[in-house]
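Dear colleague,

I am handing over the structure we spoke about, and I would ask you to keep it open while you read. Below it I have written out what was found, grouped by region.

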Amino acid sequence: MTTLRILTLNCWGKPLPFIYEDLCDRIGAIGDEISKRDYNLVILEKVWLSSDYKKLCDKICPVLPYSHYFYSGMLGSGCCVFSKFPIRETMYYRFSLNGFAHKIWHGDWYAGKGVGLCKMVIDGLHINLYSSDTHTRYSRNFDEYAAHRVAQSFEISQFIKQTSEACDLVILAGDLNSEPSDLNYKLILTNGNLRDCWIDKEMTYSDAAGNTCALPYNNYTSAADKKEYPFGKRIDYIMYRANPGVKVFVEEASVIMGRILGTPFHYSKHESLKAVLRIEQFSDVVYPVDDQYSERNKHLLEAFELINNGLQQSRLSGDCYLFQSLLQSFLMITFVIMIQNEPQVPPFFQIINYGWTLITAFYFWTGAVVMKTDENSFLGIKLDIANAIAN
């Protein structure tokens, strides 16, 4: 019998000026708190700064000596793993769709988000540990990234399916940015054939709803979130799948790490999720029946429709950007012709012309390259979902 104590936390490590002082203190406190506990596996998200990762390593590695950071994109994926056991192999799959590059204030595109895999052997058990942080939902009423998150959820479930056949136990942990009623959550569970630790828990010592984010007592929860989610929301998860010959019992699942003792602020905008798994091996191999088949196909069909809508929207947006580039080019040429007749062109007009050229180039690049890339990504995922439904 093997017992695994697992923790996952979105560290909310955005280095924004108005919370940067808190971030330094929070990262240190997170490292201190984890180092005091008897965890076997710790999975963290939104650790954006290399200095923060180093600080966490300095504090956590004395008790969890093996660690790995999944580097991706301009900022890094933000996902890292700390383990009491050697990490034998690692791999990272970057999502095909990751938001929009021109939405700089959102930043998801620059993180190169995806799903990471760490393979390890614990007491003879071959374990695949997956870590992910999907695209943030910035608004429930106007969710412009809904299709992107569904695509990411499908890719998470497909990646797990394609890489976990030879292992004994699958564990997925992270901020999936979806609530249990959302299609994304259902897609990961059914297509990945996973189970939710919070649902299967034998006992809990915290919030019965399992809410980890937008909690009303958290000092980082905005007034808008308090109004929209008066009791918080459950978007952080630890999921698992026991392959043939293995049985898993979820002894505990708890939401922990709220306010930092002696300070006015919390460890993060999120609270952490802890799960204790008891794993037993059996000599009689019984292959589990996929009892989620009908549910899986229903959710795949929903995802297919949403991805198709995203494809059409991407094509429309691309056409709009290209039209804007043509319109701006026409107006710019007209402007240049007009000022050429002037005996002396003011320097300010040259500045306007340069700025206009940059705006026109932006519209053309976004329409011809960025949106075309997204269009092909949507098309590829649409075909992948169609194949999954057919089989």
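**Strands, helix and rings**

In strand 4, Leu44 has Cys80 as its bridge partner. Please bear in mind from the start that this is a predicted model. The bridge just named belongs to the pairing of strand 2 (residues 41-45) with strand 4 (residues 80-83), which is antiparallel and extends over 4 bridges. Helix 2 (residues 50-60) packs on the sheet, where it touches strand 2, strand 3 and strand 4, and its direction makes about 10° with that of strand 4.

The sheet itself is open and is formed by 6 strands in the order 3-4-2-1-12-11, with mixed pairing. Its edge strands are strand 3 (66-69) and strand 11 (246-256), each of which pairs on one side only. If direction is ignored, neighbouring strands of this sheet are turned by 15° against each other on average.

Next comes strand 10 (residues 236-242), for which 7 of the 7 residues are buried, so this strand is largely enclosed by the rest of the structure. In a regular strand, side chains alternate between the two faces of the sheet. For strand 10 both faces are covered, since Asp236, Ile238, Tyr240 and Ala242 are buried on one side, while Tyr237, Met239 and Arg241 are buried on the other. Which strands pair with strand 10? Strand 8 (residues 169-175) pairs with strand 10 in the antiparallel sense over 7 bridges, and within strand 10 it is Met239 that stands opposite Leu172. Strand 9 (residues 195-196) also runs antiparallel to strand 10 and is joined to it by 2 bridges, with Tyr240 in strand 10 as the bridge partner of Arg195.

Turning to the rings, a search of the whole structure finds 14 aromatic pairs. One of them is the edge-to-face pair of Trp109 and Tyr110, with 4.9 Å centre to centre and 80° between the planes. Trp109 is partly exposed, at a relative accessible area of 36%, whereas Tyr110 is buried, at 17%. Another edge-to-face pair is formed by Tyr138 and Tyr145, with 6.0 Å centre to centre and 65° between the planes. Here Tyr138 is partly exposed, with a relative accessible area of 34%, and Tyr145 is buried, with a value of 2%.

Two further findings involve rings. Tyr53, Tyr69, Tyr71 and Phe82 form one aromatic cluster, and the charged end of Arg26 sits over the ring of Tyr220, 5.3 Å from its centre.

With kind regards

How values were computed:
Residues numbered from 1 in each chain as written. Predicted model: local features only at pLDDT ≥ 70, side-chain atom pairs only at ≥ 80, totals over all residues. Heavy atoms only, no water. Phe/Tyr/Trp six-rings, centres within 6.5 Å; stacked < 30°, edge-to-face > 60°. Buried < 20%, exposed > 50% of the residue type's maximum accessible area, 1.4 Å probe, protein only. Lys NZ or Arg CZ within 6 Å of the ring centre and 35° of its normal. Pairing = 2+ DSSP bridges. Axes fitted to C-alpha atoms, helices over the stretch in contact; angles between N-to-C directions. Contact = heavy atoms within 4.5 Å.
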